[in-house]
Amino acid sequence: MKKVILYTDGACSGNPGPGGWGALLMHEGLEKELYGAEANTTNNRMELRAVIEGLKALKSPCEIMLYTDSTYVMKGMTEWLAGWKRNNWKTAAKKPVKNADLWLELEAAAGGHQVHWHWVKGHAGDPGNERADALARRGSEEAMQKAGK
């Protein structure tokens, strides 16, 4: 099974507002940068989208060391998802889970892979996180330009 390192990040100008996501994939000295934008979104949706798109870029099952500065995404996948599904996509407070569409998409994208989740402090000098952040900001800037902001 291929071993891949994946760094992801999301950015949003306003929350909601124009946003972007970025993903950096690394495997045996090769690197692939991905980024995208949405006109009206939230930071959490962009964090989720970054992981989804990074995972979708992989063509075969991989062992992935995934680095994110989003505790929301990491805890959602490692702690909360099973309970949400058990509770018919309701939180412990009986409210609908936010971003359920993306959680389902992320769960599907992660299927078949061995994902090892790692949290990194954002804006703290981690080179992979800084690059993913720059990609996410590029996406966000493109979304702002399209929106005329």
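Hi everyone, let's start in a loop: Pro16 sits between β1 and β2. The peptide bond joining Asn15 to Pro16 is cis, with omega about 20 degrees. Please keep in mind throughout that this is a predicted model. As a reminder, most peptide bonds are trans, and most residues other than glycine have a negative phi. That second point will come back several times.

While we are at this turn, look at Gly14 as well. The hairpin of β1 and β2 has four residues between the strands, and Gly14 takes a positive phi there, near 90 degrees. The two strands themselves run antiparallel and are joined by eight bridges. If you want a pair to click on, Cys12 has Gly19 in β2 as its bridge partner.

Let's follow the chain onward. β2 (residues 17–27) and β3 (residues 30–41) also pair in the antiparallel sense, over 10 bridges. Gly17 has its bridge partner in β3, namely Thr41. How many residues lie between the strands in the hairpin of β2 and β3? There are two, and Glu28 in that hairpin has a positive phi near 45 degrees.

Now to the other neighbour of β1. Strand β1, residues 2–12, pairs with β4 in the parallel sense, and seven bridges hold that pairing. Two places to find it on screen: Lys2 stands opposite Cys62 in β4, and Leu6 stands opposite Leu66 in the β4 strand. On its pairing with β5, residues 114–119, β4 is again parallel, this time over six bridges. Thr68 has Trp119 in β5 as its bridge partner.

So is β4 buried or exposed? Six of its seven residues, in the stretch 62–68, are buried, so the strand is largely enclosed by the rest of the structure. For anyone picturing the side chains, in a regular strand they alternate between the two faces of the sheet.

Next, my favourite element, helix α2. It covers residues 71–86, which makes 16 residues. At 1.5 Å a residue the helix should span 22 Å, and the end C-alpha atoms are 21 Å apart, which agrees. Even so, rotate it a little and you will find a kink of about 65 degrees, centred on Trp80.

Which residues of α2 are buried? They are Tyr72, Val73, Met74, Gly76, Met77, Leu81, Gly83 and Trp84. An α-helix has 3.6 residues a turn, so residues three or four places apart point the same way. And what do the buried residues of α2 pack against? Their partners are α1 (43–56), β4, α3 (100–110) and β5. Just after the helix, Asn88 takes a positive phi of about 60 degrees.

That brings us to the loop between α2 and α3. Ala92 lies there, and at 78% relative accessibility it counts as exposed, the cut-off being over 50%. Compare its position with Trp117: the two are 25 residues apart in sequence, and their C-alpha atoms are 23 Å apart in space. Lys94 belongs to this loop as well. Lys94 has a positive phi of about 70 degrees although it is not a glycine. With a relative accessibility of 63%, Lys94 counts as exposed.

His123 makes a good companion case. Its place is the loop between β5 and α4, the latter being residues 127–147. Not a glycine, His123 nevertheless has a positive phi, about 55 degrees. His123 is exposed, with a relative accessible area of 60%.

Last stop, the largest pocket. Its volume is about 260 Å³. How many residues line it, and which lie nearest its centre? There are 13 lining residues, and Lys2, Leu25, His27, Lys32 and Leu58 lie nearest the centre. The elements giving two or more residues to that lining are β1, β2 and β3. You have already met Lys2 today, as the residue opposite Cys62 in β4.

To pull it together: β1 pairs with β2 in the antiparallel sense and with β4 in the parallel sense. The β4 strand, with six of seven residues buried, is also among the elements that the buried residues of α2 pack against. If you open the model afterwards, I would begin with the cis bond at Asn15 and Pro16 and then go to the kink at Trp80. Thanks, everyone!

Methods. Residues are numbered from 1 along each chain as its sequence is written. This is a predicted model: local features need pLDDT of at least 70, side-chain atom pairs count only at pLDDT 80 or more; totals for chains, interfaces and linings use all residues. Side-chain values use heavy atoms; hydrogens and water are left out. Buried means under 20% relative accessible area, exposed over 50%, partly exposed in between (1.4 Å probe, protein chains only). Two strands pair if DSSP finds at least two bridges between them. The expected span of a helix is 1.5 Å times one less than its number of residues. The bend at a residue is the angle between axes fitted to the seven residues ending there and the seven starting there. Contact means heavy atoms within 4.5 Å. On a 1 Å grid over the protein atoms alone, a cavity is a set of points where a 1.4 Å probe fits but cannot get out, and a pocket is an open set with protein on both sides within 12 Å along at least five of seven lines; lining residues have an atom within 4 Å of a point. Grid points are joined across faces, edges and corners, and a volume is the space filled by probe spheres set on the points.
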